[in-house]
Amino acid sequence: MTANTDPRASQSRNIKLTVALILLFMTVIVAGFVYRIQQPRVMTVTEMKANGLYLLETPRNFGEIKLVDHHGKLFDRARFEGQWSLVFFGFTYCPDICPTTMSFLDQFMSDLEGTEAEDTQVVMVSVDPARDTVEKLAEYVPFFNADFVGVTGEFLDIHRFATALNTPFRKVPGQDENYLVDHSANVVLINPRGDYHGFFKTPLDQAKMKVTYRSARVLWDKAQ
């Protein structure tokens, strides 16, 4: 003998199931909305430019380089691949712009989180290789951040590298051994493919640089 099914109990179960599904759907929608509004808005290329980041329409291969880092190890193009790089051209005898920029980049790196912090390197390339030996850079660069990389090498090799990245420099004429070097204070951006991607124009601003850097990374990821 088959037991009779209570139609009211069946209807109640259906109603509860329907309500549960509706609540689940609403939870997913609300969670997605909250997630989206918490994510920083990705800036357009025009907005990034207005905030100091100039991106190349097509990232540029700057060719091969053969320099040396402050540990005495070869620093070539491969050292840029697989991570983002912020490159600053300066020198250890610089009285103002260089220490200010290096301190700025140290603060910038400390503000990055997660993947952004893990795959970003800061490289200071000396525009005064005659005085900035490996030993001198080994004293200077880690003072600002132990993870920063100092780079030196032959003058012509550095000059070609700087020219390829649109960061000119020249020794100030008419001075003794305590000479200064005029150089660009912009920070060059090199993408994980090892190509010249753009540059952050001075004056640098922590908040603007952080949001433009993040936007540049997102646009790059979308294009891959």
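Start at the second largest pocket, where the lining splits into five nonpolar, four polar and three charged residues. Keep in mind as you click around that this is a predicted model.

**Stop 1: the second largest pocket**

To bring this pocket up, select Ala-50, Asn-51, Gly-52, Phe-200, Lys-201, Thr-202, Pro-203, Leu-204, Asp-205, Lys-208, Met-209 and Thr-212, the residues that line it. The space inside comes to about 150 Å³. Colour H7 too, since H7 is the biggest contributor to this lining, with three residues.

While you're here, zoom in on two of the lining residues, Thr-202 and Pro-203. The peptide bond running from Thr-202 to Pro-203 is cis, and its omega is near 0°. That's worth a pause, because most peptide bonds are trans. Pro-203 itself sits in the loop that links strand S10 (196–200) to H7.

**Stop 2: the largest pocket**

Now keep H7 coloured and add strand S1. Strand S1 (53–60) and helix H7 (206–223) each put at least two residues into the lining of the largest pocket. For the whole lining, select Val-45, Leu-55, Leu-56, Glu-57, Pro-59, His-197, Ala-216, Leu-219, Trp-220, Ala-223 and Gln-224. What volume does the largest pocket have? It works out at about 180 Å³. By class, this lining has eight nonpolar residues, two polar ones and one charged one.

**Stop 3: Asn-166**

Next, jump to Asn-166, in the loop between helix H6 (155–164) and strand S7 (169–171). Check its backbone: phi is near 55°, which is a positive value in a residue that isn't glycine. Why stop for that? Because most residues other than glycine have a negative phi.

Is Asn-166 buried, exposed or partly exposed? Asn-166 counts as partly exposed, because its relative accessibility is 44%. Setting aside neighbours within four places in sequence, Asn-166 is in contact with Arg-60 and Tyr-196. Show the side chains of Asn-166 and Arg-60 and you'll find a polar contact of 3.3 Å between them. If you like checking distances, try the C-alpha atoms of Asn-166 and Phe-199: they are 9.3 Å apart, although the two residues are separated by 33 residues along the chain.

**Stop 4: Arg-77**

Select Arg-77, which you'll find in the loop between strand S3 (74–76) and strand S4 (84–90). Arg-77 counts as buried because its relative accessible area is only 7%, under the 20% cut-off. Where does its side chain go? It reaches the backbone oxygen of Gly-194, at 3.0 Å. To see the surroundings of Arg-77, show Asn-61, Phe-62, Gly-63, Glu-64, Ile-65, Arg-193, Gly-194 and Asp-195, its contacts once neighbours within four places in sequence are left aside.

**Stop 5: His-183 and two cysteines**

Move on to strand S8 (residues 181–183), where His-183 lies. This histidine is buried, with a relative accessible area of 14%. Which backbone oxygen lies 2.9 Å from a polar atom of the His-183 side chain? The one belonging to Phe-89.

Now expand the selection around His-183. Not counting residues up to four places away in sequence, His-183 touches Phe-88, Phe-89, Gly-90, Phe-91, Cys-94, Ile-97, Cys-98, Val-127, Pro-168 and Phe-169. Among them are two cysteines to highlight, Cys-94 and Cys-98. Cys-94 is buried, at a relative accessible area of 8%, and Cys-98 is buried as well, at 0%. Don't go hunting for a disulfide, though: the structure holds zero of them.

**Last stop: zoom out**

Finish with the whole chain in cartoon view. You'll be looking at seven helices and 10 strands. Of its 224 residues, 39% count as buried. Among the chain's contacts between residues at least 6 apart in sequence, 72% join residues at least 24 apart.

Terms used:
Residues are numbered from 1 along each chain as its sequence is written. This is a predicted model: local features need pLDDT of at least 70, side-chain atom pairs count only at pLDDT 80 or more; totals for chains, interfaces and linings use all residues. Side-chain values use heavy atoms; hydrogens and water are left out. Helices (H or I, at least four residues) and strands (E, at least two) are DSSP runs, numbered from the N terminus. Buried means under 20% relative accessible area, exposed over 50%, partly exposed in between (1.4 Å probe, protein chains only). A polar contact is a pair of N or O atoms within 3.5 Å; within protein, one must be able to donate a hydrogen and the other to accept it, and residues adjacent in sequence count only if both atoms are side-chain atoms. Contact means heavy atoms within 4.5 Å. A disulfide is a pair of cysteine sulfur atoms within 2.5 Å. On a 1 Å grid over the protein atoms alone, a cavity is a set of points where a 1.4 Å probe fits but cannot get out, and a pocket is an open set with protein on both sides within 12 Å along at least five of seven lines; lining residues have an atom within 4 Å of a point. Grid points are joined across faces, edges and corners, and a volume is the space filled by probe spheres set on the points. Ala, Val, Leu, Ile, Met, Phe, Trp, Tyr, Cys and Pro count as nonpolar, Asp, Glu, Lys and Arg as charged, and the others, Gly among them, as polar.
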